[in-house]
Amino acid sequence: MPHHIRAARWREQDIVATVIAEALQPTPLAAWLIPDQEQRGRVLADVAAIWVEHAMFYGDVHVTSDLTAATVCFHQYGPVPPPADYATRLATAAGPHAERFRLLDDIMDSRQPTTAHYHLAFLAVRPTHQRTGQGRALTEHLRCRLDLIELPSWTLTLPAGQHLLAQAGYDTDHAIARPAEGVSIQPMFRRPGQRDQTATAVLRPAGRRHDSRAP
């Protein structure tokens with residue numbers, strides 16, 4: 001059954017943030033970011049909501065028609081300003097866990113390309129709908145858009161997302177990042193028209209404190 005992909009509506013921001021939180025919650029990265037399991041889902045959704053809203057202004061958000069999967073991207077033709085009042089909003093959303101999100105921001109800053117590109121910030125599928133073709137449909141939709149505008153793309157992915165992204169033409173870019181024991185994040189880069197012929201979720205659970213360079 002084909003999956004219809006469309007642009008997310010403004011009123012669907014909270015739904016998209018929840019999809020991201022649900023996809024990320026079972027991962028080692030989420031457990032490191034928010035050790036308190038009872039708070040984990042709420043904090044992830046609140047932090048994701050900051051970036052979903054920001055992408056509505058500086059990028060794009062696409063969803064499957066049943067709102068069970070989404071991509072959140074930024075158009076990095078040049079420096080993108082941080083979300084309004086980001087430091088305050090992150091502190092409010094993450095509370096005592098904010099410092100770990102800021103550490104993830106630093107990793108992002110150190111790995112992002114300095115040339116213009118399309119930044120895949122989140123690719124998320126609700127756990128109940130993973131392995132149903134939703135992620136593949138989103139990456140195929142993204143691949144077609146990227147090839148149309150002939151812009152490279154960059155992302156940070158969790159191990160579970162690497163194979164799916166490799167099928168869409170992403171290659172590993174720089175060494176894997178390990179913010180904590182048992183937690184790994186792989187930078188990946190895609191050139192226009194590139195696709196793996198051999199051929200879940202890729203998630204960016206934290207934002208950047210600043211965007212002084214085009215990532």
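**Salt bridges and nonpolar cores in the predicted model**

D46 and R42 sit four residues apart in helix α3, so about one helical turn separates them. Their side chains meet in a salt bridge, with 3.4 Å from N to O. Side chains of opposite charge can pair when their charged atoms come close. Neither partner is tucked away here: D46 is partly exposed at 33% relative accessibility, and R42 is partly exposed too, at 43%. The model behind these values is a predicted one.

Helix α3 also takes part in a link to another stretch of the chain. The side chains of E53 and R89 form a salt bridge, 3.2 Å from N to O. This pair ties together distant parts of the chain, as E53 belongs to helix α3 and R89 to helix α4 (residues 86-94), with their positions 36 residues apart. E53 comes out at 26% relative accessibility, so it counts as partly exposed. R89, likewise at 26%, is partly exposed as well. Elsewhere, E140, R143, D147 and R190 are joined into one network by salt bridges that share partners.

A further pair brings together E12 and R9, whose closest N and O atoms are 3.2 Å apart in a salt bridge. What is the burial state of E12? With a relative accessibility of 6%, E12 falls under the 20% cut-off and therefore counts as buried. Its partner R9, on the other hand, is partly exposed because its relative accessibility is 37%. Over the whole model, the salt bridge count comes to 10.

Now for the nonpolar interior. The largest nonpolar core holds 48 residues, and the members touching the most others are V16, I20, L29, V72 and F101. Which helix gives the most to this core? That is helix α3 (residues 37-58), with nine residues. So the helix that carries the D46 and R42 pair is also the top contributor to the core. There is a second, separate core as well, made up of 17 residues, among them A69, C73, L120 and L146.

As for the overall picture, the protein chain has seven helices and nine strands. Of its 215 residues, 56% are buried. The chain exposes about 9,600 Å², and carbon and sulfur atoms supply 53% of that area.

Methods
Residues numbered from 1 in each chain as written. Predicted model: local features only at pLDDT ≥ 70, side-chain atom pairs only at ≥ 80, totals over all residues. Heavy atoms only, no water. Core = buried A, V, L, I, M, F, W, Y, C linked by side-chain atoms within 4.5 Å. Buried < 20%, exposed > 50% of the residue type's maximum accessible area, 1.4 Å probe, protein only. Helix = DSSP H or I, 4+ residues; strand = E, 2+ residues; numbered from the N terminus. Areas by Shrake-Rupley, 256 points an atom, 1.4 Å probe, with all protein chains shown as cover. Salt bridge = Lys/Arg side-chain N within 4 Å of Asp/Glu carboxyl O.
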